[in-house]
Amino acid sequence: MKLVLFAVAAAMSVATTSAIASAELAQKKNCMACHAVDKKVVGPAYKDVAAKYAKDKDAVKKLAEKIVKGGAGAWGQIPMPANPQVSAAEAETLAKWVLSTK
């Protein structure tokens, strides 16, 4: 029983650390200048992005690409600028985090 509780606690700790690390990464890569988790700033709230892509099996790939290359039209007139300072691995981490903000 103790082993099961330890495994559950460890898994929760990793998930929490990952979420914090991703929020910190979003701050570090200047994503939070235009986005917030729960409200529209310049760009959409991350919760709204997560809801829009919830059933899209290719969401991580699509969002990671938009993070690096930018995009336009998905959320209105204001384009999202490219962020070439974000590596492909970082973009994937950020995309997974955004999708977890439901």
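This passage walks through the fold, core, surface and charged pairs of a predicted model.

The structure is a predicted model, in which local features need pLDDT of at least 70 and side-chain atom pairs count only at pLDDT 80 or more, while totals for chains, interfaces and linings use all residues. Residues are numbered from 1 along each chain as its sequence is written, and side-chain values use heavy atoms, with hydrogens and water left out.

The protein has four helices and zero strands; helices (H or I, at least four residues) and strands (E, at least two) are DSSP runs, numbered from the N terminus. Read from the N terminus, the order of elements is α-α-α-α. Of the 102 residues in the protein, 27% are buried, where buried means under 20% relative accessible area, exposed over 50%, and partly exposed in between (1.4 Å probe, protein chains only). Contacts, defined by heavy atoms within 4.5 Å, also give a view of the fold: among those between residues at least 6 apart in sequence, 49% join residues at least 24 apart. One pair that is distant in sequence is Ala51 and Leu99, 48 residues apart along the chain, with C-alpha atoms separated by 7.8 Å. Ala51 belongs to helix α2 and counts as exposed because its relative accessibility is 56%.

We can now turn to the interior. The largest nonpolar core has 17 residues, and Tyr53, Leu63, Ile67 and Leu94 have the most contacts inside it. Such a core is a set of buried Ala, Val, Leu, Ile, Met, Phe, Trp, Tyr and Cys residues joined through side-chain atoms within 4.5 Å. Two or more residues come from each of α1 (2-28), α2 (46-52), α3 (59-69) and α4 (88-99), and the largest share, six residues, is that of α4. In soluble globular proteins, nonpolar side chains tend to be buried together. Leaving aside residues up to four places away in sequence, Leu63 touches Val49, Tyr53, Ala95 and Leu99.

Helix α3 is a helpful place to look at how the two sides of a helix are used. Its buried residues include Ala59, Leu63, Ala64 and Ile67. These residues lie on the same side of α3 because they cover an arc of only 120° around the axis, the arc being that of the directions from the helix axis to the C-beta atoms. An α-helix has 3.6 residues a turn, so residues three or four places apart point the same way. The buried residues of α3 pack against α2 and α4, whereas Lys61 and Lys69, on the other side, are exposed. After α3 comes Gly70, with a positive phi near 85°.

On the outside, the protein exposes about 7000 Å², of which carbon and sulfur atoms supply 63%; accessible areas come from the Shrake-Rupley method with a 1.4 Å probe, and for residues only the protein chains shown count as cover. Val41, Val42 and Ile78 make a nonpolar surface patch of about 250 Å². Patches consist of residues with over 30% relative accessible area and no salt bridge, with like charges joined within 9 Å and nonpolar side chains (Val, Leu, Ile, Met, Phe, Trp, Tyr) within 5 Å. Within this patch, Val41 sits in the loop between α1 and α2 and is partly exposed, at 39% relative accessibility.

Three salt bridges were found in a search of the whole structure, each a side-chain nitrogen of Lys or Arg within 4 Å of a carboxyl oxygen of Asp or Glu. In one of them, the side chains of Lys29 and Glu90 meet at 3.4 Å, N to O. Lys29 lies in the loop between α1 and α2 and Glu90 in helix α4, so this pair ties together parts that are 61 residues apart in sequence. Lys29 is buried, with a relative accessible area of 12%. Lys62 pairs with Asp56, their closest N and O atoms being 2.7 Å apart; Lys62 is partly exposed at 40%, and Asp56 is partly exposed at 22%. Glu92 and Lys96 form a salt bridge at 3.0 Å, N to O, and both lie in helix α4, four residues apart, about one turn of the helix.

The loop between α1 and α2 also holds Asn30, which has a positive phi of about 70° although it is not a glycine. Most residues other than glycine have a negative phi. Asn30 counts as exposed, at 55% relative accessibility.
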